[in-house]
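User: I'd like to go through a helix pair and hear the reasoning behind each label. Can you walk me through it?

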Amino acid sequence: MGIELDPYPQFQEYAHPEKFVSASWLSARLGTPGLSVVESDADSFLYDIGHIPGAVRINWHKDLNDDTVRDFIDGEGFAALMDSKGITRDDTVVLYGDQNNWWAAYTAWVFELFGHPDVRLLDGGRDAWMAEERDTSYAVPEKVTEGYPVVKRAEAPLRAYVDDVRAGGATLIDVRGPEFFSGHEGDLGESSGGLRSGHIPGAVNYPWGAAVHPNGRFKDRAAIAAAFEGIDLDNRLITYCGAGQSAAHTWFTLRYVLGAKQPALYDGSWCEWGNMVRVPIEKSPN
């Protein structure tokens, strides 16, 4: 572990307090050697209108995906990306972004697939930083490094594919809102990336937003545990949503706040399942 942990009392209640930092903790340590701050947004242009000083931008769609195979970049691609952003294997990486850290959590999950040792999430994300009127910058860091190791993605047990979902034995957690889960609104399938609307058979609905306050900051552990009441944290858990982003936030919550033993993200999510031929779906009763 590179840089000292954030001692914020609420984080100490979590199963893995080392995975969370507050805006005040981060502000006091900007510029510390070995600290890399990464912004990852749904709206990538937000970075251009002001970002945390020294932060680099990772565009989830452009930087982390290989469109030729519709998958994530490989070990060589990830190493090259890290070198281009000035991130070394020993760095403490703090991620943040817009939309309640959906894409930042997704990017953190990709970092974990490549086994980066110290990855943390800024509680509340970009909105938390801006709400406290902390310093921002327009400057784009020009730091470039060499030698980030080429590491093969270690996907199991962090990632689930459609065959894993179909195999059964796991608790499927649909983190979309109940209106999406029910499948009764006519345009829901299209707006959530699928040709059909509904949910994967056997899935249970635990909307991601129950774990956070309206400002995007995480609730205390007791409140989050109550929000996921009924989930066996020792069982194999698979989270999914429309395209994977809010499910990544829930994956992060289950693993690092509640200490779930085997959470996985089905990143294909409804974009894949809802479009597959001869794959069943369910709709909730009226």
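Analyst: Sure. Keep in mind that this is a predicted model. One place to begin is just past α5, where G115 follows with a positive phi near 70°.

User: What makes α5 largely enclosed by the rest of the structure?

Analyst: Buried means under 20% relative accessible area. Twelve of the twelve residues of α5 fall in that class, so the helix counts as largely enclosed. Among them are W102, W103, Y106, W109 and E112.

User: And how do you know that the span of α5 agrees with its twelve residues?

Analyst: At 1.5 Å a residue you'd expect 16 Å, and the end C-alpha atoms sit 17 Å apart, which agrees. α11 also has twelve residues, and its first and last C-alpha are 17 Å apart, close to the expected 16 Å.

User: Why is α11 called largely enclosed?

Analyst: Eleven of its twelve residues are buried, so the label fits. The buried ones include Q245, H249, W251, F252 and Y256.

User: How do you know that α5 meets α11, and which residues do it?

Analyst: Contact means heavy atoms within 4.5 Å. On the α5 side that picks out W102, W103, A105, Y106, A108, W109 and E112. Their partners in α11 are Q245, S246, A248, H249, W251, F252, R255 and Y256. By class, the contact residues come to ten nonpolar, three polar and two charged.

User: What is the geometry of the packing?

Analyst: The axes of α5 (residues 102–113) and α11 (residues 245–256) are 7 Å apart, at an angle of about 65°. The crossing is left-handed.

Definitions and conventions:
Residues are numbered from 1 along each chain as its sequence is written. This is a predicted model: local features need pLDDT of at least 70, side-chain atom pairs count only at pLDDT 80 or more; totals for chains, interfaces and linings use all residues. Side-chain values use heavy atoms; hydrogens and water are left out. Axes are lines fitted to C-alpha atoms, for helices over the stretch in contact, and angles run from 0 to 180 degrees between N-to-C directions. Helices (H or I, at least four residues) and strands (E, at least two) are DSSP runs, numbered from the N terminus. A crossing is left-handed if the near helix is turned anticlockwise from the far one by less than a right angle, and right-handed if clockwise. Ala, Val, Leu, Ile, Met, Phe, Trp, Tyr, Cys and Pro count as nonpolar, Asp, Glu, Lys and Arg as charged, and the others, Gly among them, as polar. The expected span of a helix is 1.5 Å times one less than its number of residues. Buried means under 20% relative accessible area, exposed over 50%, partly exposed in between (1.4 Å probe, protein chains only).
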